Protein chains: 2
Amino acid sequence: MSFTSRWVEPPADATELAGGLPAGFRAAGVACGLKPSGGLDLGLLVSSAPETVSAARFTRSGVLAAPVVLTQERCRLDGIRAVVANAGNANAATGRRGLEDAARVQGAAAMASGVSEDRVAVASTGVIGVPLDTDKVIRGISDARRELDGDGDGPFGDAIRTTDKFAKCASLELVLPSGTVRLSAQAKGAGMISPAFATMLCFVQTDAALEPETADLLLGVCVKRSFDRISVDGQLSTNDTAILMASGASGVEVAPESEDELRFGEALDALLRRLALLIVRDGEGAKRVGRVVVRGGDGEAVARAARAVAGSPLVKAALHGGDPNWGRIAQAVGGALHDSAPLALDIAIEGVQVCSGGAAVPHDPAALAAAVAGSEVEYAVGLPGEGAEDEVFFSDLSHEYVTINAEYTT
Amino acid sequence: MSFTSRWVEPPADATELAGGLPAGFRAAGVACGLKPSGGLDLGLLVSSAPETVSAARFTRSGVLAAPVVLTQERCRLDGIRAVVANAGNANAATGRRGLEDAARVQGAAAMASGVSEDRVAVASTGVIGVPLDTDKVIRGISDARRELDGDGDGPFGDAIRTTDKFAKCASLELVLPSGTVRLSAQAKGAGMISPAFATMLCFVQTDAALEPETADLLLGVCVKRSFDRISVDGQLSTNDTAILMASGASGVEVAPESEDELRFGEALDALLRRLALLIVRDGEGAKRVGRVVVRGGDGEAVARAARAVAGSPLVKAALHGGDPNWGRIAQAVGGALHDSAPLALDIAIEGVQVCSGGAAVPHDPAALAAAVAGSEVEYAVGLPGEGAEDEVFFSDLSHEYVTINAEYTT
């Protein structure tokens, strides 16, 4: 993962690895025929450690895909040892048959992994409302079982892609006070990406030993700072799933409230923020990444304002065009904070102050135009009052987004 | 206005006119140099009847443009006799100078119209955050005064256009029990169009005699059923203004709670719904118009669901592509109704049932594809429960929308 962003601090004492899973994990990705292209579309990930600890987060959508319902209701979420994930079909809005299909997939993956069913998480991504061809999936699981490998994170990461242009995988070695551990993660997502939930799909593995409460706490905090802070198109998915699994195979224990926990948490945070930013950078049709940070007001106001700016098609189209049209930032914030006029708004783009106390500030248009021509653009918004702060990362709105989404199923 | 839509019932006893203002009104539109194209950009509308009654609605944005603030705070909103409106500059986020500029424009228009300042409404539309060149506007007002005419609604309607491809004017003759009256209206809007407010700009004139309370009641009800029910891009504007003016020059009184009021209200309703639909049809880059109607649940749920579907870039891109991708309707509704799973959702597109109780329903894909190929597409969503209903009209998302908005100011 050569990607770097000024918005992600590299963790201390961490070394980027070319790939590979932490001790105790094996994975595979195969083509089972769900994608018309014939590409990899079925991933299997297994921990061989019986004491594996896990934590999970899911979409808050009112319309939950069958695999999300099944995993939430039928799994021991603090002890997941295997993940089976397919692309090409979301198994969402598929009714009772969809739940039975997800259960069949879970059963086959349990058999292939040699773990009990309640330790197998199921995840799907792709088109909504089409029955899942479980024959294909089960044959794929059988193939994947034979290919399980400690270096299988690459094919696994490829098998969960839909409209993603590139795979989103990362692998780290981390030196903690108590010893050296490894972390790896695979994520996917390019469309139907919005804050206020987990993410499309993200799987994280470590050979550190974590208490279930520690795993849950760290995943929760880090998801809030990463996948909860991105938007490609403001569209909450039916299938979002994020799972952290800790095999403990390194023998290094990350004890609650220890320096190990602090450092491990920092590394997990950087890892998830990098993957989240990769999803934004790979946003359908995206060319540029924006970050809006809103300060002042109260917690609800800054969150609403930041999401409104990140979700505004006018702001996103201007970002795409390299157009420093800051009036649209003002408009989006005003639209989010109904009936709050007069709003003494401050706006700066890449550090150039363009609006102060609600009124335009003279500035150098050439400098501003140059500032918005880069691959990352930062918008800072100040609301009256102090204390609260929120940020959202977002992609631009391009012709390619329209092309991709006007012709998705037809 | 040859446009017809199955979603607007033509009012009884009404005759469409080619144009022209009701008795008592004159208008003009001139080019004052705000639009780089040299097109008409300054409109003036005057009622000669001292007893003119009016009502007004404005944007609820937290960022209010100077003309909105000035008109709200300095006008007798029930007795507006003149409107001065410019395109090419929104006079928004322009601070104290913007308020003073709006006041100067109001003063010049009062002089030109021969009415007192507190009866002159000021409206602006165009780019945000740029000081208004009032010298140009005031020269324009002077030119417009000389051209005021009972047939000036056409030039006036042209002068308030920004990215609008066509002017949106209508003129009706209406036979009421108490006599014959006329109604005319001019609207503009193609981008930064979202529900939950008045509209971009809409001016309605009648020679009927209305009580101020009747004018306010009727405008309020009709705006709720028209401009509050449309979305081009979900973006609330800083400048939305709708003003109804009744000169009484026909001598026909529309008394409260009379058959006249009922029939007048029906005609006003049809007029505003037609103009609102014209705005959607002229939505930036738009090719198709969608209507989503959500039934069931409670008032808040149906409103949130309808707005989520209308605002979804995925739904809008599918509408553009003639893609019957109903899974995105399910996704948008689920995203709007957080944590309500399992949601037993029904979805029909152009009467073809595609989802029932949350699960896909077998249907004829060819028939469905044909149904979404027309210029208007209707999406019906059923939520569990009964009683509530809401509708939103929306445009599709096209390449042209991106082109228009990526290159607006540069």
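**Entry 1: a helix across a sheet**

I began with α9(B), which lies across three strands of chain B, namely β15 (346-349), β16 and β18 (376-382), and I noted that α9(B) runs at about 50° to β18(B). I keep in mind throughout that this is a predicted model.

I then followed the sheet itself, where seven strands of chain B stand in the order β11-β19-β14-β18-β15-β16-β17, forming an open sheet whose pairing is mixed. Which strands sit at the edges of this sheet? I found β11 (230-231) and β17 of chain B there, each of them pairing on one side only. Looking at one of these edges, I saw that β16 (residues 352-356) of chain B pairs with β17(B) in the antiparallel sense, over two bridges. In that pairing I could place Cys355(B), whose bridge partner in β17(B) is Ala360(B).

**Entry 2: where the chains meet**

Next I looked up the contact between the two chains, which takes 58 residues from chain A and 58 residues from chain B. On the side of chain B that touches chain A, the elements giving two or more residues are α8 (313-321), α9 (327-336), β17 (359-360) and α11 (399-406). Which of these elements gives the most? It is α9(B), with seven residues, and this is the helix that I had already seen lying across β15, β16 and β18 of chain B. Sorting that side of chain B by class, I noted 28 nonpolar, 25 polar and five charged residues.

**Entry 3: how the copies are related**

I asked what turn lays chain B on chain A. A turn of 180° with a shift of 0.0 Å along the axis does this, and the RMSD is 0.0 Å. That is the relation of a two-fold axis. Of the residues of chain B, I found that His399(B) comes closest to the rotation axis, with its C-alpha at 2.5 Å. I also noted that 100% of the interface residues of chain B are interface residues in chain A as well, so the copies meet through the same surface.

**Entry 4: two domains in chain A**

Turning to chain A, I read from the domain assignment that domain 1 covers 14-281 and domain 2 covers 289-406. The C-alpha centres of these two domains of chain A lie 33 Å apart, and twelve residues of domain 1 are in contact with eleven residues of domain 2. On the domain 1 side of this contact, β11 (230-231) and α6 (259-281) of chain A each supply at least two residues, and the largest share, four residues, comes from α6(A). By class, I recorded six nonpolar, four polar and two charged residues on that side of domain 1.

**Entry 5: a covered strand**

Last, I went to strand β12 (residues 241-246) of chain B and asked how many of its residues are buried. Six of its six residues are buried, so I wrote the strand down as mostly covered. In a regular strand the side chains alternate between the two faces of the sheet. Here I found Thr241(B), Ile243(B) and Met245(B) on one side and Ala242(B), Leu244(B) and Ala246(B) on the other, all of them buried, with both faces of β12(B) covered.

I then checked the partners of this strand. Strand β4 (residues 53-58) of chain B is joined to β12(B) by six bridges and the two run antiparallel, whereas β9 (residues 201-206) of chain B pairs with β12(B) in the parallel sense, over six bridges. Ile243(B) served me as a landmark in β12(B), since Ala56(B) stands opposite this residue and Phe203(B) stands opposite Ile243(B) too.

Methods:
Residues are numbered from 1 along each chain as its sequence is written. Chains are lettered from A and ligands numbered from 1 in the order in which they are written. This is a predicted model: local features need pLDDT of at least 70, side-chain atom pairs count only at pLDDT 80 or more; totals for chains, interfaces and linings use all residues. Two residues are in contact if their C-beta atoms, placed from the backbone, lie within 7 Å. Ala, Val, Leu, Ile, Met, Phe, Trp, Tyr, Cys and Pro count as nonpolar, Asp, Glu, Lys and Arg as charged, and the others, Gly among them, as polar. Copies are superposed by least squares on the C-alpha atoms of residues with pLDDT of at least 70 in both. Domain bounds come from an automatic or database domain assignment. Two strands pair if DSSP finds at least two bridges between them. Axes are lines fitted to C-alpha atoms, for helices over the stretch in contact, and angles run from 0 to 180 degrees between N-to-C directions. A residue is buried if 20 or more other C-beta atoms lie within 10 Å of its own, exposed if 12 or fewer, and partly exposed in between; C-beta atoms are placed from the backbone.
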